[in-house]
Amino acid sequence: MSNSVARLRGERLARSTKPFVTRGSRMPRCPQCRLEQSYCMCAWRPRVPARAGVCLLMHDIEALKPSNTGWLIADVVADNSAFSWSRVEVDERLLALLDDPQWQPYIIFPAEYAAPERVVETVAPASGKRPLFILLDATWTEARKMFRKSPYLDRFPVLSLTPEQHSRYRLRRSTRDEHLCTAEVAALCLELAGDSRAAEALDAYLDVFSERYLGFKRSLPLDEQSAAHQRLRPFVA
(Lines give C-alpha, C1' and ligand atoms only; values in the text may rest on other atoms or scores of the structure.)
Protein backbone atom coordinates (compact mmCIF):
# COMPACT_ATOMS: atom_id res chain seq x y z
CA MET A 1 0.00 0.00 0.00
CA SER A 2 1.43 3.38 -0.99
CA ASN A 3 1.33 6.53 1.10
CA SER A 4 0.14 9.40 -1.10
CA VAL A 5 1.20 12.06 1.42
CA ALA A 6 4.79 10.79 1.27
CA ARG A 7 4.58 10.98 -2.53
CA LEU A 8 3.20 14.52 -2.39
CA ARG A 9 5.89 15.55 0.08
CA GLY A 10 8.54 14.32 -2.35
CA GLU A 11 6.94 16.26 -5.20
CA ARG A 12 6.77 19.42 -3.08
CA LEU A 13 10.41 19.14 -2.03
CA ALA A 14 11.49 18.58 -5.63
CA ARG A 15 10.03 21.91 -6.72
CA SER A 16 11.21 23.89 -3.69
CA THR A 17 13.73 26.64 -4.35
CA LYS A 18 14.99 26.63 -0.75
CA PRO A 19 15.03 24.09 2.10
CA PHE A 20 11.96 23.77 4.30
CA VAL A 21 13.16 24.66 7.79
CA THR A 22 11.21 23.97 10.96
CA ARG A 23 12.15 23.54 14.60
CA GLY A 24 14.24 20.39 14.97
CA SER A 25 14.71 20.03 11.21
CA ARG A 26 18.46 19.40 11.61
CA MET A 27 17.82 16.32 13.73
CA PRO A 28 18.16 13.05 11.75
CA ARG A 29 14.65 11.73 11.14
CA CYS A 30 13.13 8.56 9.76
CA PRO A 31 12.30 9.30 6.09
CA GLN A 32 8.97 7.47 6.45
CA CYS A 33 7.35 8.58 9.73
CA ARG A 34 9.54 11.71 10.04
CA LEU A 35 10.11 11.19 13.74
CA GLU A 36 13.59 11.31 15.25
CA GLN A 37 15.26 7.96 14.54
CA SER A 38 15.11 6.59 18.09
CA TYR A 39 11.36 7.41 18.23
CA CYS A 40 10.56 5.85 14.82
CA MET A 41 7.10 4.23 14.75
CA CYS A 42 7.16 2.51 11.36
CA ALA A 43 6.93 -0.90 13.02
CA TRP A 44 3.61 0.20 14.56
CA ARG A 45 1.79 0.84 11.30
CA PRO A 46 -1.73 -0.66 11.46
CA ARG A 47 -2.94 -3.31 9.02
CA VAL A 48 -6.71 -3.03 8.72
CA PRO A 49 -9.20 -3.15 5.82
CA ALA A 50 -11.40 -0.17 4.91
CA ARG A 51 -14.04 0.06 2.23
CA ALA A 52 -14.01 3.87 2.16
CA GLY A 53 -11.38 5.96 0.44
CA VAL A 54 -9.78 9.24 1.52
CA CYS A 55 -8.63 12.15 -0.63
CA LEU A 56 -6.48 14.78 1.07
CA LEU A 57 -6.47 18.21 -0.54
CA MET A 58 -3.47 19.84 1.10
CA HIS A 59 -2.47 23.47 1.37
CA ASP A 60 0.95 24.40 0.01
CA ILE A 61 3.46 23.28 2.70
CA GLU A 62 1.16 21.07 4.78
CA ALA A 63 2.75 17.85 3.55
CA LEU A 64 6.17 19.12 4.64
CA LYS A 65 5.23 19.68 8.29
CA PRO A 66 6.48 16.93 10.64
CA SER A 67 3.36 17.40 12.78
CA ASN A 68 0.97 16.81 9.87
CA THR A 69 -1.41 13.89 10.49
CA GLY A 70 -2.47 13.30 6.90
CA TRP A 71 0.28 10.73 6.45
CA LEU A 72 -1.23 8.71 9.32
CA ILE A 73 -4.49 8.47 7.37
CA ALA A 74 -2.62 7.36 4.25
CA ASP A 75 -0.86 4.68 6.29
CA VAL A 76 -4.17 3.24 7.52
CA VAL A 77 -6.58 3.66 4.57
CA ALA A 78 -5.47 1.65 1.54
CA ASP A 79 -7.32 3.82 -0.99
CA ASN A 80 -5.63 7.11 -0.20
CA SER A 81 -4.87 10.08 -2.43
CA ALA A 82 -3.24 13.44 -1.73
CA PHE A 83 -3.03 16.54 -3.91
CA SER A 84 -1.70 20.06 -3.51
CA TRP A 85 -4.40 22.72 -3.57
CA SER A 86 -4.11 25.72 -5.86
CA ARG A 87 -6.59 28.51 -6.46
CA VAL A 88 -5.63 28.89 -10.13
CA GLU A 89 -5.15 25.31 -11.35
CA VAL A 90 -6.41 21.84 -10.53
CA ASP A 91 -4.44 18.61 -10.73
CA GLU A 92 -5.88 16.51 -13.55
CA ARG A 93 -5.38 13.39 -11.42
CA LEU A 94 -7.69 14.87 -8.79
CA LEU A 95 -10.39 15.58 -11.37
CA ALA A 96 -10.08 12.04 -12.70
CA LEU A 97 -10.49 10.65 -9.19
CA LEU A 98 -13.60 12.74 -8.55
CA ASP A 99 -15.12 11.47 -11.82
CA ASP A 100 -14.32 7.81 -11.12
CA PRO A 101 -17.73 6.06 -11.03
CA GLN A 102 -16.75 3.73 -8.19
CA TRP A 103 -16.70 6.64 -5.72
CA GLN A 104 -19.27 8.84 -4.02
CA PRO A 105 -17.29 11.91 -2.91
CA TYR A 106 -18.19 13.80 0.26
CA ILE A 107 -16.62 17.13 1.21
CA ILE A 108 -15.97 17.24 4.94
CA PHE A 109 -16.77 20.72 6.25
CA PRO A 110 -19.01 22.44 8.81
CA ALA A 111 -22.63 22.91 7.69
CA GLU A 112 -22.65 26.63 8.49
CA TYR A 113 -20.39 27.32 5.50
CA ALA A 114 -22.42 25.39 2.90
CA ALA A 115 -25.79 25.83 1.24
CA PRO A 116 -28.37 23.88 3.29
CA GLU A 117 -29.36 21.67 0.34
CA ARG A 118 -25.79 20.33 0.11
CA VAL A 119 -25.42 19.35 3.76
CA VAL A 120 -25.71 15.72 4.91
CA GLU A 121 -25.00 14.13 8.28
CA THR A 122 -24.94 10.48 7.25
CA VAL A 123 -22.97 8.44 4.71
CA ALA A 124 -25.30 6.76 2.22
CA PRO A 125 -23.63 6.39 -1.18
CA ALA A 126 -25.61 5.25 -4.21
CA SER A 127 -25.77 1.53 -4.88
CA GLY A 128 -22.45 0.16 -6.09
CA LYS A 129 -20.47 3.22 -4.98
CA ARG A 130 -17.97 3.56 -2.14
CA PRO A 131 -17.62 6.70 -0.02
CA LEU A 132 -14.66 8.96 -0.80
CA PHE A 133 -13.98 11.49 1.92
CA ILE A 134 -12.37 14.73 0.74
CA LEU A 135 -10.46 16.35 3.60
CA LEU A 136 -9.11 19.90 3.36
CA ASP A 137 -5.78 19.57 5.15
CA ALA A 138 -4.74 23.05 6.24
CA THR A 139 -5.07 25.58 9.03
CA TRP A 140 -8.66 26.59 9.71
CA THR A 141 -8.22 29.95 7.94
CA GLU A 142 -6.67 28.25 4.91
CA ALA A 143 -9.34 25.54 4.84
CA ARG A 144 -12.17 28.09 4.66
CA LYS A 145 -10.47 29.74 1.70
CA MET A 146 -10.01 26.36 0.00
CA PHE A 147 -13.68 25.50 0.50
CA ARG A 148 -14.82 28.80 -1.03
CA LYS A 149 -12.42 28.78 -3.96
CA SER A 150 -12.70 25.20 -5.22
CA PRO A 151 -15.69 25.29 -7.61
CA TYR A 152 -14.96 21.77 -8.88
CA LEU A 153 -16.13 20.52 -5.46
CA ASP A 154 -19.46 22.34 -5.53
CA ARG A 155 -21.34 19.39 -7.05
CA PHE A 156 -20.69 17.11 -4.08
CA PRO A 157 -22.52 16.80 -0.76
CA VAL A 158 -20.99 18.40 2.31
CA LEU A 159 -20.71 15.97 5.22
CA SER A 160 -20.98 17.94 8.45
CA LEU A 161 -19.58 16.23 11.54
CA THR A 162 -20.74 16.80 15.11
CA PRO A 163 -17.98 15.39 17.34
CA GLU A 164 -18.98 14.54 20.88
CA GLN A 165 -15.54 15.20 22.33
CA HIS A 166 -12.84 17.83 22.15
CA SER A 167 -9.69 17.30 20.13
CA ARG A 168 -6.94 15.17 21.70
CA TYR A 169 -4.36 16.52 19.24
CA ARG A 170 -1.57 18.29 21.15
CA LEU A 171 1.06 19.03 18.52
CA ARG A 172 -0.40 22.32 17.27
CA ARG A 173 -2.63 24.81 19.04
CA SER A 174 -6.12 25.81 17.98
CA THR A 175 -8.22 28.61 19.41
CA ARG A 176 -11.25 26.29 19.53
CA ASP A 177 -11.34 22.90 21.25
CA GLU A 178 -13.90 21.59 18.77
CA HIS A 179 -11.45 21.96 15.87
CA LEU A 180 -10.21 18.43 15.26
CA CYS A 181 -6.99 17.54 13.50
CA THR A 182 -7.22 15.88 10.10
CA ALA A 183 -6.67 12.34 11.41
CA GLU A 184 -9.43 12.76 14.01
CA VAL A 185 -11.82 13.95 11.30
CA ALA A 186 -10.92 10.99 9.10
CA ALA A 187 -11.56 8.55 11.95
CA LEU A 188 -15.06 10.00 12.45
CA CYS A 189 -15.74 9.64 8.71
CA LEU A 190 -14.61 6.01 8.71
CA GLU A 191 -16.91 5.30 11.65
CA LEU A 192 -19.86 6.81 9.78
CA ALA A 193 -19.01 4.69 6.74
CA GLY A 194 -19.09 1.48 8.77
CA ASP A 195 -15.29 1.05 8.81
CA SER A 196 -15.26 0.94 12.60
CA ARG A 197 -12.08 -1.11 12.96
CA ALA A 198 -10.14 1.23 10.67
CA ALA A 199 -11.51 4.22 12.62
CA GLU A 200 -10.33 2.74 15.91
CA ALA A 201 -6.93 1.87 14.45
CA LEU A 202 -6.46 5.41 13.13
CA ASP A 203 -7.39 6.91 16.49
CA ALA A 204 -4.90 4.65 18.25
CA TYR A 205 -2.20 5.38 15.65
CA LEU A 206 -2.68 9.12 16.19
CA ASP A 207 -2.28 8.73 19.96
CA VAL A 208 0.98 6.82 19.54
CA PHE A 209 2.26 9.40 17.06
CA SER A 210 1.40 12.26 19.44
CA GLU A 211 3.03 10.48 22.37
CA ARG A 212 6.24 9.81 20.47
CA TYR A 213 6.39 13.26 18.89
CA LEU A 214 5.99 14.99 22.25
CA GLY A 215 8.32 12.50 23.91
CA PHE A 216 11.07 13.51 21.51
CA LYS A 217 10.39 17.24 21.98
CA ARG A 218 10.46 16.90 25.78
CA SER A 219 13.32 14.38 25.93
CA LEU A 220 11.12 11.75 27.59
CA PRO A 221 11.97 8.02 27.52
CA LEU A 222 10.08 5.95 24.99
CA ASP A 223 7.54 3.66 26.65
CA GLU A 224 6.18 1.00 24.31
CA GLN A 225 4.09 -0.41 27.16
CA SER A 226 2.07 2.81 27.51
CA ALA A 227 -1.72 2.77 27.24
CA ALA A 228 -1.52 4.32 23.75
CA HIS A 229 0.81 1.61 22.47
CA GLN A 230 -1.27 -1.17 24.02
CA ARG A 231 -4.38 0.21 22.34
CA LEU A 232 -2.65 0.18 18.93
CA ARG A 233 -0.98 -3.24 19.31
CA PRO A 234 -3.99 -5.38 18.18
CA PHE A 235 -4.03 -3.58 14.82
CA VAL A 236 -0.34 -4.15 14.04
CA ALA A 237 0.48 -7.09 11.81
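In this predicted model, the side chains of Arg130 and Asp79 meet in a salt bridge, with an N to O distance of 2.5 Å. Arg130 lies in strand S5 and Asp79 in the loop between H2 and S2, so the pair ties together parts that are 51 residues apart in sequence. The two partners fall into separate accessibility classes. Arg130 has a relative accessibility of 18% and counts as buried because the cut-off for that class is under 20%. Asp79, at 33%, counts as partly exposed.

The structure holds eleven salt bridges. Side chains of opposite charge can pair when their charged atoms come close. Three of these pairs are tabulated here, with the closest N to O distance and the relative accessibility of each partner.

| Pair | N to O distance | Relative accessibility |
|---|---|---|
| Arg130 and Asp79 | 2.5 Å | Arg130 18%, Asp79 33% |
| Asp91 and Arg93 | 2.7 Å | Asp91 23%, Arg93 44% |
| Arg155 and Asp99 | 2.7 Å | Arg155 51% |

The Arg155 and Asp99 side chains meet in a salt bridge. This pair links distant parts of the chain: Arg155 sits in the loop between helix H4 (140-148) and strand S6 (158-159), and Asp99 in helix H3 (residues 92-99), 56 residues apart. Arg155 counts as exposed at 51% relative accessibility, because that class begins over 50%. In the Asp91 and Arg93 salt bridge, Asp91 is partly exposed, and Arg93 is partly exposed too. Salt bridges that share partners join Asp91 and Arg93 with Arg7 and Glu11 into one network.

Asp79 precedes strand S2, being in the loop between H2 and S2. Strand S2 covers residues 80-84, and four of its five residues are buried, so the strand is largely enclosed by the rest of the structure. Strand S1 (residues 53-58) pairs with S2 in the parallel sense, over five bridges. Within this pairing, Phe83 in S2 is the bridge partner of Leu57. Between S1 and S2 the chain passes through helix H2 (residues 70-76), and this β-α-β crossover is right-handed.

The largest nonpolar core has 49 residues, of which Ile73 and Leu202 touch the most other members. Elements giving two or more residues to this core include helix H1 (4-14), S1, H2, strand S3 (103-108) and helix H5 (182-192). H6 gives the most, with eleven residues. Leaving out residues up to four places away in sequence, Leu202 touches Leu72, Ile73, Val76, Ala183, Ala186, Ala187 and Leu190. The two residues with the most core contacts, Ile73 and Leu202, thus also touch each other. Apart from this core lies another, of 22 residues, among them Phe83, Ala114, Leu132 and Ile134.

Helix H6 spans residues 196-217 and has 22 residues. From its first C-alpha to its last, H6 reaches 32 Å, close to the 32 Å expected at 1.5 Å a residue. In an α-helix there are 3.6 residues a turn, so residues three or four places apart point the same way. H6 is mostly covered, 16 of its 22 residues being buried. Just after H6, Ser219 takes a positive phi of about 55°.

Notes: Residues are numbered from 1 along each chain as its sequence is written. This is a predicted model: local features need pLDDT of at least 70, side-chain atom pairs count only at pLDDT 80 or more; totals for chains, interfaces and linings use all residues. Side-chain values use heavy atoms; hydrogens and water are left out. The expected span of a helix is 1.5 Å times one less than its number of residues. Buried means under 20% relative accessible area, exposed over 50%, partly exposed in between (1.4 Å probe, protein chains only). Two strands pair if DSSP finds at least two bridges between them. A crossover is right-handed if, with the strands pointing away from the viewer, the path from the first strand over the helix to the second runs clockwise. A nonpolar core is a set of buried Ala, Val, Leu, Ile, Met, Phe, Trp, Tyr and Cys residues joined through side-chain atoms within 4.5 Å. Contact means heavy atoms within 4.5 Å. A salt bridge is a side-chain nitrogen of Lys or Arg within 4 Å of a carboxyl oxygen of Asp or Glu.
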